[in-house]
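Trainee: Could you take me through this model feature by feature, giving the general idea before the particular case?

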Amino acid sequence: MTSENLIIEAESLGITVNRFPLPLNGSCSVSLNNRLFIGIDNRRAVESLQRVRIAHELGHCVMDAFYLPHAPIRSRRKCERIANEYAIQKLIPEDDFFEAIKKGDTEPWQIAERFDVTPEFAYKAMQFYLEQRK
């Protein structure tokens with residue numbers, strides 16, 4: 001699934017996706033007046049980073065995992081975890097992840113290459129799925 005496919009999916013769910021400069025973090029999402037918006041900065045990001053950013057913001061929207069800027073850190077972490085877990089399951093499905101592990105892709109960079117995500121995101125996925133198996 002490409003970043004453009006993720007944007008099309010978001011829009012099919014009624015989420016407005018806007019492209020504009022977001023130099024601090026590259027993406028954001030907001031619920032405003034019962035409408036959902038994703039902002040994405042696509043000026044310099046490689047496809048793998050774009051996919052991760054859009055899937056993460058889609059997770060905030062689909063899972064209603066929003067917080068206010070001055071919310072307690074505990075609330076923010078919970079919303080970020082929910083959005084990350086959604087993105088992980090979207091971009092690296094569990095069955096595909098464990099199939100890759102069986103085939104010998106056991107390092108984050110290998111998972112990243114196989115699923116076209118960032119190594120940091122692949123590491124989060126590995127932590128998530130391995131924690132689920134405990």
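Mentor: Helices and strands are read here as DSSP runs, a helix needing at least four residues and a strand at least two, and they are numbered from the N terminus. With that in hand, and keeping in mind that this is a predicted model, the elements of the chain follow one another from the N terminus as α-β-β-β-α-α-α-α-α. The secondary structure thus comes to six helices and three strands.

Trainee: What radius of gyration would a compact globule of 134 residues have, and what does the chain have?

Mentor: For 134 residues a compact globule would have a radius of gyration near 14 Å, and the chain, at 15 Å, agrees with that. The C-alpha trace spans about 45 × 30 × 25 Å along its principal axes, and buried residues make up 42% of the 134 residues. Of the contacts between residues at least 6 apart in sequence, 48% join residues at least 24 apart.

Trainee: How should I read a helix, and which residues of H6 are buried?

Mentor: An α-helix has 3.6 residues a turn, so residues three or four places apart point the same way. In H6 the buried residues are Phe121, Ala122, Ala125, Met126, Phe128 and Tyr129. They cover an arc of only 170° around the axis, which puts them on the same side of H6. As for length, the 14 residues of H6, residues 119-132, should span 20 Å at 1.5 Å a residue, and the end C-alpha atoms are indeed 20 Å apart.

Trainee: Which helices do the buried residues of H6 pack against?

Mentor: The buried residues of H6 pack against helix H2 (47-62), helix H3 (73-91), helix H4 (94-102) and helix H5 (108-115).

Trainee: Which residues of H1 are buried, and which are exposed on the other side?

Mentor: In H1 the buried residues are Ser3, Leu6, Ile7, Glu9 and Ala10. They cover an arc of only 160° around the axis, which puts them on the same side of H1. On the other side of H1, Ile8 and Ser12 are exposed, while the cover over the buried residues includes E1, E3, H2 and H3. Just after H1, Gly14 takes a positive phi of about 85°.

Trainee: How many residues does the largest nonpolar core have, and which of them have the most contacts inside it?

Mentor: A nonpolar core is a set of buried nonpolar residues joined through side-chain atoms within 4.5 Å. The largest one here has 30 residues, and those with the most contacts inside it are Leu91, Ile92, Ile111, Val117 and Phe121. The elements giving two or more residues to this core are helix H1 (3-12), strand E1 (15-19), strand E3 (35-40), H2, H3, H4, H5 and H6. H6 gives the most, with six residues. If we take Leu91 and leave aside its neighbours within four places in sequence, it is in contact with Leu6, Arg51, Val52, Ala55, Phe115, Val117 and Phe121.

Trainee: Is Ile40 buried or exposed, and what is it in contact with?

Mentor: Ile40 lies in strand E3 and, at 1% relative accessibility, counts as buried. Leaving aside its neighbours within four places in sequence, Ile40 is in contact with Val17, Asn18, Arg19, Phe20, Leu22, Gly26, Ser27, Gln50, Arg53 and Ile54. Ile40 and Ser3, 37 residues apart in sequence, are 11 Å apart in space from C-alpha to C-alpha.

Trainee: How many disulfides does a search of the whole structure find?

Mentor: A disulfide needs a pair of cysteine sulfur atoms within 2.5 Å, and a search of the whole structure finds zero. The sulfur of Cys28 is 9.5 Å from the closest cysteine sulfur, that of Cys61, which is too far for a bond. As to their surroundings, Cys28 counts as partly exposed at 29% relative accessibility, whereas Cys61 is buried, with a relative accessible area of 6%.

Trainee: Where are Asp64 and Asp116 found, and what is phi in each?

Mentor: Asp64 is in the loop between H2 and H3, where its phi is near 50°, a positive value in a residue other than glycine. At 58% relative accessibility Asp64 counts as exposed. Asp116 is in the loop between H5 and H6 and has a phi near 55°, again positive in a residue other than glycine. At 35% relative accessibility Asp116 counts as partly exposed.

Methods:
Residues numbered from 1 in each chain as written. Predicted model: local features only at pLDDT ≥ 70, side-chain atom pairs only at ≥ 80, totals over all residues. Heavy atoms only, no water. Expected span 1.5 Å × (residues − 1). Buried < 20%, exposed > 50% of the residue type's maximum accessible area, 1.4 Å probe, protein only. Arc of directions from axis to C-beta. Contact = heavy atoms within 4.5 Å. Rg over C-alpha atoms; globule rule 2.2 N^0.38 Å.
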